Amino acid sequence: MSDVVLKGLSKRFGETQALCDLDLAIGDGEFVVLLGPTGAGKTTTLRLIAGLERPDKGRIEIGGRNVAGEAPAERDVAFVFQQYSLYPHMTVYENLAFPLRAPVRKLTHDEIDRRVREIARMVRIDHKLGNRSTHLSGGEMQRVAIGRALVRRPAIYLMDEPLSSLDAKLRAELRLELKRIQKELGSTLLYVTHDQVEAMTMADRIGIVAEGRLMQVGSPREIYGNPTNLHVAARLGQPHINLLPTDLLPGANPPAGTKTIGARTEHLDIIVGRDANAEIDWIEHLGDQNHLHIRVRDQKLVTLADPHLAIKRGDRINLTLRDPLYFDAGGRRLA
Ligand SMILES: Nc1ncnc2c1ncn2[C@@H]1O[C@H](COP(=O)(O)OP(=O)(O)OP(=O)(O)O)[C@@H](O)[C@H]1O
C-alpha cells in the first residue's frame, strides 16, 4: 500500500471544467471518501489517478513516484466500478483468481488458492465459489467485484459508488464489511459517493467536491461540525440544515456580517406550551424518529424529534436557536 498525492490537478472536457486545481494527499492506509453531487468531478478524479484520462495540468504521485508517463496497468491501482463487471463465463473462484494469474505476478497455484479463499471469506462469498458469476444475486455479484479488486495488493483501491446499485439493507451491510476489510488489510482507499451516510460511516477523511473543486477535507466530525461554507454544511445532515434569516428566531448571537443562520436539529430547542413563535405544519413518522415540519412566519424548517414528544399537527411551540452556524453573504462560515 502507498500514499497518493494529487497536486494542482485540472481536467477539461470541451466546455466543461470537470476538475479545477485539485490538491489532495491520501495517507498510506487511509480511507478517503469524495462526496459530492452528480457532475462534481469525482469519477474524473479516480480516472485520472488510474491513468484512464490524462490531466491537462497537475501531478499525480503514487508511493512518491510521479506516474504521469505510466500506462494504467503500470500504476498499480485496482478500480471497482458502480456496476459489477465480472467475467460471465467464469465461476466466482475463477473471477477472483484472474487478477492473480498474470504471468508477471509469478504466484504459485497454492498461493493463488490461499488468497482467493481468504478474500472470498472476507467478502462472504466463499459458499458460492463454484457458481457461475451470472448465477448470483446483484449483491453477490458486487461482492465478487469488490473481492476481485481486494485479492490484489495494489498501491491504492479506487472505488466508484460500488454499493449504489444494491438495496438499502445490503448497502448497509457491505458498508460495514468494506470498512472492516479495509482496516484488516491496511489498504489505501479512495472512494467516491454521493451518499452522505456512506461518507460519514466509512471515511477517515471526507473531501467535499462541487463543480470540479475540492471545497473542504477533514474527518467526518470536522466536516459535519465545522463546515467552511454553506455548500459543505448543506451536503451533510439529515434532514438538511435549515438556512434562516438572522432575525427569525431568538437565541442567536450572530457576528457582524452574518447573512444566513444555519440550524440543524441540534441547534434548535423546542418547548411545548409557552411563548409560542412557531407552528407544527406536518409530522413525518419514520418509526424511530419523527421529522417535524415547522412554520415560523413564512419560513419553513424541518427538524428531528423524539417520537415520544407529545406534539401534533397544528400545535404551537416555542423554537429557540442554540449555538447555530453563521454564514456571510458569500456563504463563508463566520466564527
Ligand atoms: N468523457 C467525457 N466527455 C465529456 N464530458 C465529460 C466526460 N467525462 C466527464 N465529463 C463531464 O465532466 C463533469 C464531471 O464528471 P464526473 O463524471 O467526474 O462527475 P461525478 O462527480 O463523478 O458525477 P456522478 O456522481 O454523476 O458520477 C461532468 O459535467 C461530466 O458531464
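## Ligand shell, domains and strand pairing

The shell around the ligand consists of 3 nonpolar, 8 polar and 1 charged residues. The model in which this shell is described is a predicted one. Around the ligand lie F13, T16, A18, G36, T38, G39, A40, G41, K42, T43, T44 and H194. Two elements, β2 (16-26) and α1 (42-50), each provide at least two residues of this shell. The largest share comes from α1, which contributes 3 residues.

### Domain arrangement

The chain comprises domain 1, spanning 4-235, and domain 2, formed by 242-249 + 256-334. Taken over C-alpha atoms, the centres of domain 1 and domain 2 are 38 Å apart. Contact between them involves 6 residues of domain 1 and 7 residues of domain 2. On the side of domain 1 that touches domain 2, 3 residues are nonpolar, 3 are polar and none is charged.

### Strand β8 and its partners

Strand β8 covers residues 189-193, and 5 of its 5 residues are buried, so the strand is largely enclosed by the rest of the structure. L189, Y191 and T193 point to one side of β8, whereas L190 and V192 point to the other, and all of them are buried.

Strand β8 pairs in the parallel sense with β3 (residues 31-35) and also in the parallel sense with β7 (residues 156-160). Within the pairing of β3 and β8, L35 has T193 as its bridge partner. Towards β7, Y191 of β8 stands opposite M159. Helix α5 (residues 168-185) joins β7 and β8 in a right-handed β-α-β unit.

### The antiparallel sheet

A separate topic is the open sheet of 4 strands, ordered β11-β12-β18-β19 and paired in the antiparallel sense. Strands β11 (242-244) and β19 (333-334) stand at its edges with a single partner strand each, so one side of each has no neighbour in the sheet. The partner β12 (residues 260-263) runs antiparallel to β11, and in this pair L244 stands opposite I261 of β12. In general, the strands of a sheet pair through backbone hydrogen bonds, in either a parallel or an antiparallel sense.

The strand pairs are set out below.

| Strand pair | Sense | Bridges |
|---|---|---|
| β3 and β8 | parallel | 5 bridges |
| β7 and β8 | parallel | 4 bridges |
| β11 and β12 | antiparallel | 3 bridges |

Key: Residues numbered from 1 in each chain as written. Predicted model: local features only at pLDDT ≥ 70, side-chain atom pairs only at ≥ 80, totals over all residues. Domains from an automatic or database assignment. Contact = placed C-beta atoms within 7 Å. Nonpolar A, V, L, I, M, F, W, Y, C, P; charged D, E, K, R; others polar. Near = placed C-beta within 6 Å. Buried ≥ 20, exposed ≤ 12 C-beta atoms within 10 Å, placed from the backbone. Pairing = 2+ DSSP bridges. Right-handed = clockwise from strand over helix to strand, strands pointing away.
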